[in-house]
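Please take the sequence and the model shown here and read the paragraphs below alongside them.

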Amino acid sequence: MSQTVLYGGTFNPIHRGHLEICLRAREAVGAQEVLLMPAALPPHKSTGELAPDRDRLAMCALAAEPYGFISVDDYEIRRGGRSYTVDTLRYLTQIRPGEKFWLLMGTDMFLTFTQWRDWERIGELATLLVAAREEEDLGRLEAQKAALEKLGVPSVLLKNAPLPMSSTEIRRELRETGTTQKVSPRVLAYIQERGLYQHDSQDLPYLREYIRPLMTDYRYRHSLGVEKQAAHMAEIFGADVHKASVAGILHDVCKDLPKGALLQNILESGIINGIDFKASPQLIHGYAGALYIQTHLDIHDPDIIDAVRYHTTARAGMSLLETIVYLADLTSEDREYADVEEMRRLCDHDLREAMARALTHTVGELVRKNKPICPDTRGACREYCVPIPTGDGGTQ
Ligand code: DGI
Ligand code: FE
Ligand code: FE
């Protein structure tokens with residue numbers, strides 16, 4: 001019977017460590033083929049810096065080319081979004097009847113196997129092949145192997161598989177030096193040609209390009225406007241112009257992304273500041289944006305993160321940068337409302353007065369629409385002596 005090893009992963013980028021594992025896996029089980037299955041990743045998934053699906057797929061194909069036994073399947077990328085392993089295995093066993101499948105996995109996945117969706121079915125469709133690293137606790141792995149065996153799920157431990165190099169390290173090396181020895185020459189050429197992983201994570205032209213497909217044209221124009229206005233105000237008030245620009249361009253990065261997944265990320269992060277996000281879904285995008293720029297864009301500057309997080313609600317004790325981004329959001333060149341010119345004038349001269357006016361307007365609107373006012377917005381109102389009108393609809 002033909003034997004195939006299924007090797008899934010983000011491959012961001014595929015490197016020599018991955019290829020070593022392919023060789024070891026083939027050897028260990030006498031497989032004819034190792035099938036790489038790059039995972040599609042939705043924009044809201046927390047994965048760190050990620051090259052586009054198509055590029056990761058192309059790099060896998062380039063890396064596989066010299067090895068007759070490695071092939072690449074674009075099934076998960078064609079499907080898009082999150083794929084469950086069980087679905088991928090169902091697909092493979094359907095199109096390749098009579099083949100025996102081995103499912104290659106790391107030890108973390110092996111130890112949590114019974115938490116996977118339809119794990120029993122996975123066990124029927126494939127035999128688990130576990131790439132254990134030398135330094136790992138083999139006793140624990142053997143115990144898990146025995147436990148799974150009892151549940152009818154067979155597995156093989158691949159001991160002494162080479163310590164895989166880390167894609168994170170490789171991305172850093174590429175960013176800092178423009179090159180690396182840890183990927184194959186063809187993959188390196190592709191990375192360099194496409195300019196992957198080589199940007200500085202706070203490079204403005206890169207960030208503008210990055211956000212564009214995540215939002216509507218309207219939102220994109222607004223983001224450019226907020227970047228410009230935040231930079232302008234930072235100049236006037238002696239704040240860091242670069243940080244203001246980065247926070248400005250990114251402040252609404254999550255505004256047009258699906259709210260369900262964003263909310264889940266926020267709840268998992270534990271930073272909720274007493275907000276009932278279900279009652280106030282318009283507050284999700286600032287909090288989600290603050291997480292997103294860390295996980296997807298490698299931006300870890302706490303000043304920028306807080307400016308994004310509090311750009312909708314404001315709060316007591318805002319930094320100068322937070323204040324600038326909050327106000328730039330309301331006075332960017334795309335904004336049109338009766339006294340926008342007056343607000344822009346204040347934003348050039350008197351941030352305190354501008355904040356007081358902005359908050360007065362916001363809480364007035366919220367009360368009029370009978371929407372909850374969140375604790376941080378209340379804190380900002382206290383600080384700027386803005387009374388919250390009575391008829392206030394709730395305590396949020
Ligand atoms: O994302 P933008 O549209 O550019 O602007 P924004 O981030 O300031 O979002 C504005 C929305 O947020 C607007 O619908 C009012 C709402 N908002 C601001 N503060 C609060 C609030 N909503 C609730 N429920 N509670 C608040 O304290
Ligand atoms: Fe916003
Ligand atoms: Fe905005």
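N273 is partly exposed, with a relative accessible area of 31%; buried means under 20% relative accessible area, exposed over 50%, and partly exposed in between, with a 1.4 Å probe and protein chains only. Although N273 is not a glycine, its phi is positive, at about 50°. N273 sits in the loop between α13 and α14 (284-295). Helices (H or I, at least four residues) and strands (E, at least two) are DSSP runs, numbered from the N terminus.

This is a predicted model, in which local features need pLDDT of at least 70 and side-chain atom pairs count only at pLDDT 80 or more, while totals for chains, interfaces and linings use all residues. Residues are numbered from 1 along each chain as its sequence is written, chains are lettered from A and ligands numbered from 1 in the order in which they are written, and side-chain values use heavy atoms, leaving out hydrogens and water.

A second positive phi, of about 60°, belongs to A314, which is not a glycine either. A314 is in the loop between α15 and α16, and is buried, with a relative accessible area of 0%. Another backbone feature is the cis peptide bond from N12 to P13, with omega near 0°. P13 is placed in the loop between β1 (3-9) and α1 (16-29).

The metal sites come next. The iron ion (ligand 2) has as protein donors D252 (OD), H285 (NE2) and H311 (NE2), which lie 2.1 Å from it. Donors are N, O and S atoms within 2.8 Å of the metal (3.2 Å for Na, K and Ca); water is not among the atoms, so sites may look incomplete. The sequence spacing of these donor residues is D-x32-H-x25-H. Distant parts of the chain are linked by the pair D252 and H311, 59 residues apart: D252 is in the loop between α12 (241-250) and α13 (259-269), and H311 in the loop between α15 (302-309) and α16 (320-331). D252 is buried, with a relative accessible area of 2%, and H311 is buried, with a relative accessible area of 2%.

The iron ion (ligand 3) is coordinated at 2.2 to 2.3 Å by H222 (NE2), H251 (NE2), D252 (OD) and D329 (OD). D252 bridges this ion and the iron ion (ligand 2), and the two lie 3.4 Å apart. Because H222 lies in helix α11 and H251 in the loop between α12 and α13, the pair ties together parts that are 29 residues apart in sequence. H222 is buried at 0% relative accessibility, and H251 is buried at 0% relative accessibility.

Around ligand 1 there are 18 residues, of which K255, H311, T312, P372 and T377 come nearest; a residue counts here if one of its heavy atoms lies within 4 Å of the molecule. A polar side-chain atom of K255 is 2.8 Å from an oxygen atom of ligand 1, and an N or O atom in the side chain of H311 is 2.9 Å from an oxygen atom of ligand 1. For Q282, a polar side-chain atom lies 3.1 Å from a nitrogen atom of ligand 1. The protein covers 83% of the 580 Å² of accessible area that ligand 1 has on its own, where areas come from the Shrake-Rupley method with a 1.4 Å probe.

Finally, helix α17 (residues 340-349) has V340, M343, R344, L346 and C347 as its buried residues. Seen down the axis of α17, these buried residues fall within an arc of 160°, so they line one face of the helix; the arc is that of the directions from the helix axis to the C-beta atoms. The buried residues of α17 pack against α11 (217-237), α16 and α18 (351-368), with contact meaning heavy atoms within 4.5 Å. E341 and H349, on the other side of α17, are exposed.

Notes
Polar contact = N/O pair within 3.5 Å; in protein donor to acceptor, adjacent residues only side chain to side chain.
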